[in-house]
Amino acid sequence: LNVDFAPKLLQEVISCLKARPVFEGRLSKFEDKVLGGLLGVAVSLLEIEPTLKETVGSISGDDLVREIFNYLFSLPDEISGVSSQFDLPKCKRLQTRKHAFNLLIELCRGCQPNYLIL
C-alpha cells in the first residue's frame, strides 16, 4: 500500500481544522458535519500512517493534541473573540465530540509523548 499521500493530506486536514470557525451554537441543534468529517479523516490517516502521530501531536509540531483537547473542553471567555451565540468549545454536538475524542485516542494510542501532553 502506497501511503506517500498521507503526510501531505494530513497537513491539509489539520490546516482546515484549525481554520474552521465555530458553527455549533449553544442553543441550536446544528451539527457541524464538515468538522466531524475532517476529524474522521484525520483519524483514518493516523491509522494508515501511525508514524505521523508524534510529529502532528507535539507542541513543536502541529500541537494537535492540545488543539483537539481545546475543541472539547475550552471555555468561552471575553478574550477569545468568539461571539456569544457560538461560544467555545468548537465541538458541542454528540457526533462531533465523538469524532474529536476518537482523534485524541488515536493520537495517544502507542505514542507516549502525545499521551503525556494530554
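K53, E106 and R109 are linked in a network of salt bridges, a salt bridge being a side-chain nitrogen of Lys or Arg within 4 Å of a carboxyl oxygen of Asp or Glu. The structure is a predicted model, in which local features need pLDDT of at least 70 and side-chain atom pairs count only at pLDDT 80 or more, while totals for chains, interfaces and linings use all residues. Residues are numbered from 1 along each chain as its sequence is written, and side-chain values use heavy atoms, with hydrogens and water left out.

The protein contains 6 helices and 0 strands, and its pattern along the sequence reads α-α-α-α-α-α. Helices (H or I, at least four residues) and strands (E, at least two) are DSSP runs numbered from the N terminus. Of the contacts with a separation of 6 or more, 70% join residues 24 or more positions apart; contact means heavy atoms within 4.5 Å. The protein has 118 residues, of which 40% count as buried. Buried stands for under 20% relative accessible area, exposed for over 50%, and partly exposed for values in between (1.4 Å probe, protein chains only). The accessible surface amounts to about 7000 Å², and carbon and sulfur atoms hold 59% of this surface. Accessible areas come from the Shrake-Rupley method with a 1.4 Å probe, and for residues only the protein chains shown count as cover.

The salt bridges number 4 under the 4 Å rule. In one of them, the side chains of E106 and K53 meet with an N to O distance of 2.9 Å. This pair links distant parts of the chain, with E106 in helix α5 and K53 in helix α3 (residues 53–57), 53 residues apart. Both E106 and K53 are buried; the relative accessibility of E106 is 5%. E106 also meets R109 in a salt bridge, at 2.4 Å from N to O. R109, in contrast to E106, is partly exposed, at 47% relative accessible area. The network of K53, E106 and R109 thus includes buried E106 and partly exposed R109.

A further salt bridge joins R66 and D63, whose closest N and O atoms are 3.1 Å apart. R66 has a relative accessible area of 40% and is therefore partly exposed. D63, with a relative accessible area of 17%, is buried.

The search for ring pairs over the whole structure returned 2 aromatic pairs. Rings of Phe, Tyr and Trp (its six-membered ring) pair if their centres lie within 6.5 Å; planes under 30 degrees apart count as stacked, over 60 as edge-to-face and the rest as tilted. F69 and F73 form a tilted pair, with 4.8 Å from centre to centre and 45 degrees between the planes. F69 and F73 lie 4 residues apart in helix α4, so about one helical turn separates them. Relative accessibility is 34% for F69, which counts as partly exposed, and 39% for F73, which is likewise partly exposed. F73 also pairs with F101: the ring centres are 6.0 Å apart and the planes stand at 75 degrees, so this pair is edge-to-face. The pair of F73 and F101 links distant parts of the chain, with F73 in helix α4 and F101 in helix α5, 28 residues apart. F101 is partly exposed, at 35% relative accessibility. The ring pairs link F69, F73 and F101 into a cluster.

These three phenylalanines also belong to a surface feature. F69, F73, F101, I105 and L118 form a nonpolar patch with about 440 Å² of accessible area together. Patches are made of residues with over 30% relative accessible area and no salt bridge, like charges being joined within 9 Å and nonpolar side chains (Val, Leu, Ile, Met, Phe, Trp, Tyr) within 5 Å. At least two residues of the nonpolar patch come from each of α4 (64–73) and α5 (94–108).

The structure holds 0 disulfides, a disulfide being a pair of cysteine sulfur atoms within 2.5 Å. For C111, the closest cysteine sulfur is that of C108, at 7.3 Å, which is too far for a bond. C111 is buried, with 7% relative accessible area. C91 also counts as buried, its relative accessibility being 0%.
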